[in-house]
Structures are given as structure tokens and as C-alpha cells.
Amino acid sequence: MGRPKWTAMRKILEQEYICDSLKGRIQYFATNYRKSHDQIGRVAIRLDGKEIFKSNWFDWVIKRDEAKKELSASLGKSISYAEFGEQMELGALIKGGFDEFGFYEAFQEYYNQSIENSLTSPDPVVRLFAVLDKRTGKRRLKKLVAGINEQPEWLQPFYKLRFQAEEIKEFD
């Protein structure tokens with residue numbers, strides 16, 4: 001199955017799969033600017049109309065370079081994208097750097113696998129979609145509370161938002 005168009009993706013994320021406690025409060029935004037160089041774009045997530053997270057191609061490049069430097073330092077040698085590209089891109093995602101294409105790819109993974117696999121995906125954007133999903137019930141959420149500090153810093157507020165929306169006392 002090919003990737004749905006953005007309007008269909010947005011409907012799935014905001015209306016069909018969103019948990020009832022956050023329905024109407026979360027909005028996703030993704031675009032690419034066709035008249036810009038290389039048609040780059042940006043993504044954002046809004047809560048109650050206020051943008052609470054955003055990323056774009058430039059953020060992704062900066063975060064990928066930071067991940068490359070950290071990986072090079074940990075290995076004690078200069079590394080190449082050809083050799084360590086996948087690790088560098090995952091490092092950028094963990095730092096909150098991704099572009100609209102990474103967002104679309106994460107949606108595709110999320111949409112085409114079980115909620116269990118999405119909650120444990122190495123891609124934090126996939127986990128973002130999954131933690132806000134209505135198929136992630138209270139019992140499953142309670143199991144996630146203990147691991148919240150292991151989530152990327154940018155992703156933790158979304159977990160907290162869901163815990164609060166579901167009135168999960170273990171979190172408080």
C-alpha cells in the first residue's frame with residue numbers, strides 16, 4: 001500500500017486513531033515549500049492551537065551533524081555517512097531533528113504495523129503517534145510510565161500529556 005496523501009494521514013492521526021481524551025486538542029502540520037530550494041518543508045504538532053513541537057530540514061541536518069560528531073567521538077575516529085548513515089539519522093531523530101519526509105516515513109511505519117511494534121519502534125516519531133493512539137489503553141500506558149525518562153527529551157512531554165489526559169496516578 002502506498003503512502004496516503006497528507007489530508008488522509010492527518011485525518012487518521014487527528015480523528016480516527018487519536019485517543020478520546022485528546023481528540024480535538026492535537027493537530028499535526030506538515031508541508032514542503034515547493035518554491036524553496038530543494039522544496040524543503042517543516043512539521044509541527046499543536047496542542048490546543050499552540051505549537052509545542054516543530055522540526056524542519058535544517059533542524060534535521062544540524063541534529064544529524066551533532067549525532068555524527070558524538071558517534072565519531074565515541075568511536076575515536078572520523079566516520080562517514082556511507083558507513084554510519086543509519087545511526088546518524090536515528091541520532092538526529094532522538095534529538096528531535098527530522099523533516100517532513102521523515103515524518104511521512106514514520107507515519108507509514110506506524111500505520112502498517114501493530115500498536116505494540118509502534119510503541120517499541122526505534123523511531124521516536126513512530127512512538128509519538130503510538131502513545132497518542134486510542135489503541136494504547138490505560139494498562140499499556142501504566143507500563144510505559146517507568147520508562148519515560150528513557151524517551152528522548154522532546155518526546156517526554158507527549159507521554160506526560162497522555163498520562164495526564166488519562167489521569168494515570170502512577171505518573172504523578
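Reader: What makes the charged end of Arg-64 count as sitting over the ring of Trp-60?

Author: The charged end of Arg-64 lies 4.4 Å from the centre of the Trp-60 ring. A charge sits over a ring if NZ of Lys or CZ of Arg is within 6 Å of the ring centre and within 35 degrees of the ring normal. Arg-135 is likewise placed over the ring of Tyr-17, with its charged end 4.4 Å from the centre.

Reader: On what basis are such values given, and how are residues numbered?

Author: This is a predicted model, in which local features need pLDDT of at least 70 and side-chain atom pairs count only at pLDDT 80 or more, whereas totals for chains, interfaces and linings use all residues. Residues are numbered from 1 along each chain as its sequence is written, and side-chain values use heavy atoms, with hydrogens and water left out.

Reader: How many aromatic pairs are found in the whole structure, and why is the pair of Phe-103 and Tyr-104 given its name?

Author: The search finds 19 aromatic pairs. The ring centres of Phe-103 and Tyr-104 are 6.5 Å apart and their planes stand at 65°, so the pair is edge-to-face (rings of Phe, Tyr and Trp, the last by its six-membered ring, pair if their centres lie within 6.5 Å; planes under 30 degrees apart count as stacked, over 60 as edge-to-face and the rest as tilted).

Reader: What is the pair of Phe-107 and Tyr-111 called, and why?

Author: Here the centres are 5.3 Å apart and the planes meet at 15°, so the pair is stacked. Phe-107 and Tyr-111 are 4 residues apart in helix α4 (residues 100-111), a separation of about one helical turn. Helices (H or I, at least four residues) and strands (E, at least two) are DSSP runs, numbered from the N terminus.

Reader: Are Phe-107 and Tyr-111 buried or exposed, and how do you know?

Author: Phe-107 has 0% relative accessibility and therefore counts as buried (under 20% relative accessible area, with exposed over 50% and partly exposed in between; 1.4 Å probe, protein chains only). Tyr-111, at 28%, counts as partly exposed. The buried residues of α4 include Glu-100, Gly-102, Phe-103 and Tyr-104. Among the elements that cover the buried residues of α4 are α1 (6-16), β1, β2 (41-47) and α6 (124-131).

Reader: How do you know that the span of α4 agrees with its number of residues?

Author: The expected span is 1.5 Å times one less than the number of residues. For the 12 residues of α4 this gives 16 Å, and the end C-alpha atoms are 16 Å apart, so the two agree.

Reader: Why is β2 called largely enclosed by the rest of the structure?

Author: Of its 7 residues, 5 are buried, so β2 is largely enclosed.

Reader: What makes β2 a partner of β1 and of β3?

Author: Two strands pair if DSSP finds at least two bridges between them. Strands β1 and β2 are joined by 7 bridges and run antiparallel. Strands β2 and β3 (residues 50-56) are joined by 6 bridges, and they also run antiparallel. Leu-47 has Lys-50 as its bridge partner in β3, and Val-43 has Ser-55.

Reader: Where is Gln-27, and why is it called buried?

Author: Gln-27 belongs to strand β1 (residues 26-32). Its relative accessible area is 17%, so Gln-27 is buried. It stands opposite Arg-46 in β2. Its side chain reaches the backbone nitrogen of Gly-49 at 3.5 Å.

Reader: Which helix holds Glu-14, and what makes Glu-14 buried?

Author: Glu-14 lies in helix α1. Its relative accessible area of 12% makes Glu-14 buried. A polar atom of its side chain is 2.6 Å from the backbone nitrogen of Tyr-28.

Reader: What is notable about the phi of Asp-48?

Author: Most residues other than glycine have a negative phi, and most peptide bonds are trans. Asp-48 has a positive phi of about 50° although it is not a glycine. Asp-48 is in the loop between β2 and β3, and at 49% relative accessibility it counts as partly exposed. Glu-167 too has a positive phi, of about 55°, without being a glycine. Glu-167 lies in the segment after α8 (156-165), and at 59% it counts as exposed.

Conventions
Polar contact = N/O pair within 3.5 Å; in protein donor to acceptor, adjacent residues only side chain to side chain. Contact = heavy atoms within 4.5 Å.
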